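Visitor: Please give me a close look at strand pairing. Take one part slowly, then move on to whatever helps to place it.

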Amino acid sequence: MTLRLYPIYLALLSVPELSIAANNAVWNCEQGPNGQWSCLNQDTPEAPPQPGKDAAGAQQRTVEPTPAQNSAETKPLPQAPGSHAVPEAPGSEPAAPVAAAPISPKQALEQALPKKLHARIGERQKPVVEEKPPAKQAASKAGQIPGWTCKGGEENANWNCNLVGQDPKGEAQVVADTTPASYWFNPTYSLEQERAFQTLRGEFQVDPWLNCGNWSAKKNQATMQTSADRENASTDVIADSSEVFDGEILNFAGNVDLKRADQHLLADKASYDTVAQTLDAQGNIVYSETALAIASDTVSLSLNKDEARMRNAQFIVAEAPLRGSAQTMYRDSAALSRYNEATFTSCPPGNQDWIAHASRIKINRETGKGSAKNAWLEFKGVPVLYTPYISFPTDGRRTTGLLAPTWATTQRNGFDFSAPVYLNIAPNIDDTITPRFMEKRGQMLRNKFRYLTETSYGYLGTEILPHDQIKDKSRYSATFRDVTQFTPHLSSHTNLNYVSDKEYFNDLNNALGFQTNRFLTSTAFLNYDRSDLSFATGIQHYQSVDKTIANTGVPYDILPRVSLNYDHDFENLPVTIALHNQYSHFFHNDLINGQRFNIAPSLSLPLETSAGFFIPKITGQYTQYSLSNQTNASQPDSVSRTLPIFSVDSGVNFERDMLIGNSSYVHTFEPRAFYLYIPRKDQSDIPIFDTAAYDTNYYSLFRENSFSGLDRIQDANQITLAASSRFIDSATGLEPLKISVGQILYFQDRTVNLPGIPVQTSSTSNFVGELAGQLTRNLSYTTGAQWDPEANGIARGLAMLKYRNQPDQILDLGYRYRRNTPNDQSTLSQTTISQTDMSFRWPLAAGWYGLGRWQYSFNFDKTTESFIGIEKETCCWRLRLIGRRYINGARTGDILAPDAKPENAVFVQLELKGLTSFGDSVDAFLQRNLNGYHPASYFED
């Protein structure tokens, strides 16, 4: 029998009211040889009670099963509206039945059912009510499995079989679970439950655990059906038979199958009380929708009260994905639900690596909060965490509570443990308090206060160690960060930092995040930007966090700096004008102070086409200094400098198609010439506030000034001659080969240098050559070298091979060399560098990955940085174990200093997907130290 209902909400959904108006009349129907049905009205008001009458006296109306080939058997059906029974006189014989027009069972049943309830009965269909299979008999002997057990005897001998319990008579039987000898490894879900989870898994159009073992794979986002979609959709119900009691109770029995929109219900039996608005289902119940699937023994819904109860329920939430079970599930209202003896995990069916248990769980969807009693967690069958009570958020809303603790072990601090506490103060304000214990140093307290408004966001962080047991003093730090957008064009950026001493980060940061910079910077800037105009003002302060740096080596504070820049291009003219203005006040306790004002108007005439470009440019540089706190009596208090700068940048692009073997390539040749003229000006009386020499590479050959900052403007009469050539694969777009070479030819000596640097007299710069390419989608290389004609040797060298098949396969092999040379100011007074660098993330076996990095210095014949680790990713957990050996003081220039001795650290992180992570987060560390590594969020978009 196939019924068509409108609209019903099942399981955890509300059910709209159904208007029921069934007629109590009964029809006597016969099916002829040709399949045509004939029905007669047999409503008899004074008829005696029938055997189907219930205890309350209600008459049961039943649609009886009809054999396919027997047309003589009658089928009582409700009387159609509009028909009338003929009354009988008292004591008289029953009147002959009044013949009615032939009517099909479908029409009769549709007339008797509610207005929104329609029926469709297939001709000659024989509905059969399937009885519930008998319960599995208990084994007659303890420890034995019901059913037949047979053993093979000797050759040509008969089977030796024994029967335990009821004879299954050849029917398929569920294999009973065997109990492991050890309690710790007893699986939470039985084999029968795992099969039920597999059934629920098949209810989804897309497997919720598809590609779940690959943390970088895109996750499937289910498209939820709205209430309106479901209310407007029709509902199909298929069942072996149906019954109607007094027009109020609808019963469906045998293979009940209900479908509406994305909702699907399977059950052995289902009953709907139209007056009490209750729906009950029993036996092998499976309910599913777009993102949810539930299996249960019994389901009871009170539709008008929005209440529900399920027993022995199992569920899958596809969005997470999560699966779990509960002895009983209660829905007290649309927002409140309770679970008894509940478990859940993010592991796919068949995998029980971790399971969370709780004797009681309450979830309030209105407040977004949940709580659990007697909650405990097991991993690989071993309990690892227990709490008598815990509260947790059920959605994206924040809630006050404990966060996952972190721990590590380092040589410097010993065992290091932190347990953060989160405080949700307001929807836009929160605070995280983190007590920290270091075995060798003592107790520390961290606090991070965050805020968010319509125009700004930021945080205030503080740390205090009242008594460092190693240093025998108190230590502390503070940081404040804020970003405010006042208007679409006006914004501010603040980043203020302070620590109590120079060794704070090296001592108190863990080994995954120790300070790599020698100075701690604090800045605060106000910015205004429009299409052509920009304005910025702010301050900048430096604090030394390297004990090897003297006070005079700390950079100048800028209190303040003001910049006003204007750049404009004319649409119909090849003219670009610019005006860059800057005022800076430099302050230092131990050095000369000064105020610097610089104005730099410029005019360029860019002539550019696809075949080449020619860009002449002239710039005027005027700089005025006002000096104070003189350290040299002969130093003037006021210095000014005026310099014109003239440059011409030009290049041509040649291109042709060519064949190499059977492959087609585009070959380009791009010569370039850059001329620069700046007259000589003595600048030795100008202090160095924020200026340094640029590093030398191919692109530095085309700079107008070889110095960063404005305290030095180089004198120049030179031309750069360079060229690039590329081969581009026409089929793939890859560039397997790119060659770039160039050199500066000097027409005069360079007399403007940094203090202590002699006059540069060479007629040429280093000859720079670079070779790079992408051989395949995954494999690329970069090489480069600089030949010093003065020293007649290699000044720079670089070789790097990169393999990227992200995220699983990352491999970098490299070598770097840099030598002091008088032809390059950026290398003077620096240590020669000669080091190798290798990093990788590579699959090993059985889902395990190896990752690590090794930097080795040939200068000191020592490893300066190394770490090695393993990582495994499954559908429900991720484990990372990293061991690190590092030298904190390698950047000091004295790698053999006592404070530069290698240190060792070990870090473990276990992430239970859908729950939390334990241990120290290593994502940020791997992003900094493993080139090409990205966190999982990088691959989600």
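Guide: Two strands count as paired if DSSP finds at least two bridges between them. Strands themselves are DSSP runs of E, at least two residues long, numbered from the N terminus. Keep in mind that this is a predicted model.

Start with strand 29, residues 490-499. Strand 28, residues 473-485, pairs with strand 29 in the antiparallel sense. Nine bridges hold that pairing. Look at Gln 485 for one of the contacts: its bridge partner in strand 29 is Ser 491. The connection between strand 28 and strand 29 is a hairpin of four residues. Strand 29 also pairs with strand 30, residues 519-529. That pairing is antiparallel too, over six bridges. Here Asn 495 has Thr 523 of strand 30 as its bridge partner. In a regular strand, side chains alternate between the two faces of the sheet.

Now go back along the chain to strand 11, residues 249-260. Nine of its 12 residues are buried, so the rest of the structure largely encloses strand 11. Strand 11 has partners before and after it in the numbering. Strand 10, residues 241-245, is joined to strand 11 by five bridges, and the two run antiparallel. Val 244 has Leu 250 of strand 11 as its bridge partner. Three residues lie between the strands of this hairpin. Asp 246 takes a positive phi there, near 50°.

Turn to the other partner, strand 12, residues 263-273. Strand 11 and strand 12 run antiparallel, joined by 10 bridges. Asp 257 finds its bridge partner, Leu 266, in strand 12. This hairpin has two residues between its strands. Ala 261 takes a positive phi near 50° in it.

Two single residues come next. Ser 563 is found in strand 32, residues 557-569. Its relative accessible area is 15%. Buried means under 20%, so Ser 563 is buried. Beyond neighbours within four places in sequence, Ser 563 is in contact with Ser 534, Phe 535 and Ala 536. It also contacts Asn 581 and Gln 582.

Gln 774 is found in strand 44, residues 767-774. At 31% relative accessibility, Gln 774 is partly exposed. Leaving out residues up to four places away in sequence, Gln 774 touches Leu 734, Glu 735 and Pro 736, along with Leu 779 and Ser 780. Glu 735 is 39 residues away along the chain, yet its C-alpha atom is 5.5 Å from that of Gln 774. The side chain of Gln 774 also reaches the backbone oxygen of Thr 776, at 3.4 Å.

Finish with the covalent link. The structure holds one disulfide. Cys 347 and Cys 876 form it, with sulfur atoms 2.1 Å apart. The link is right-handed, with 85° about the S-S bond. It links distant parts of the chain, 529 residues apart. Cys 347 sits in the loop between strand 17 (336-345) and strand 18 (354-364). Cys 876 sits in the loop between strand 50 (862-873) and strand 51 (877-886). Cys 347 and Cys 876 are both buried.

Key: Residues numbered from 1 in each chain as written. Predicted model: local features only at pLDDT ≥ 70, side-chain atom pairs only at ≥ 80, totals over all residues. Heavy atoms only, no water. Buried < 20%, exposed > 50% of the residue type's maximum accessible area, 1.4 Å probe, protein only. Contact = heavy atoms within 4.5 Å. Polar contact = N/O pair within 3.5 Å; in protein donor to acceptor, adjacent residues only side chain to side chain. Disulfide = S-S within 2.5 Å.
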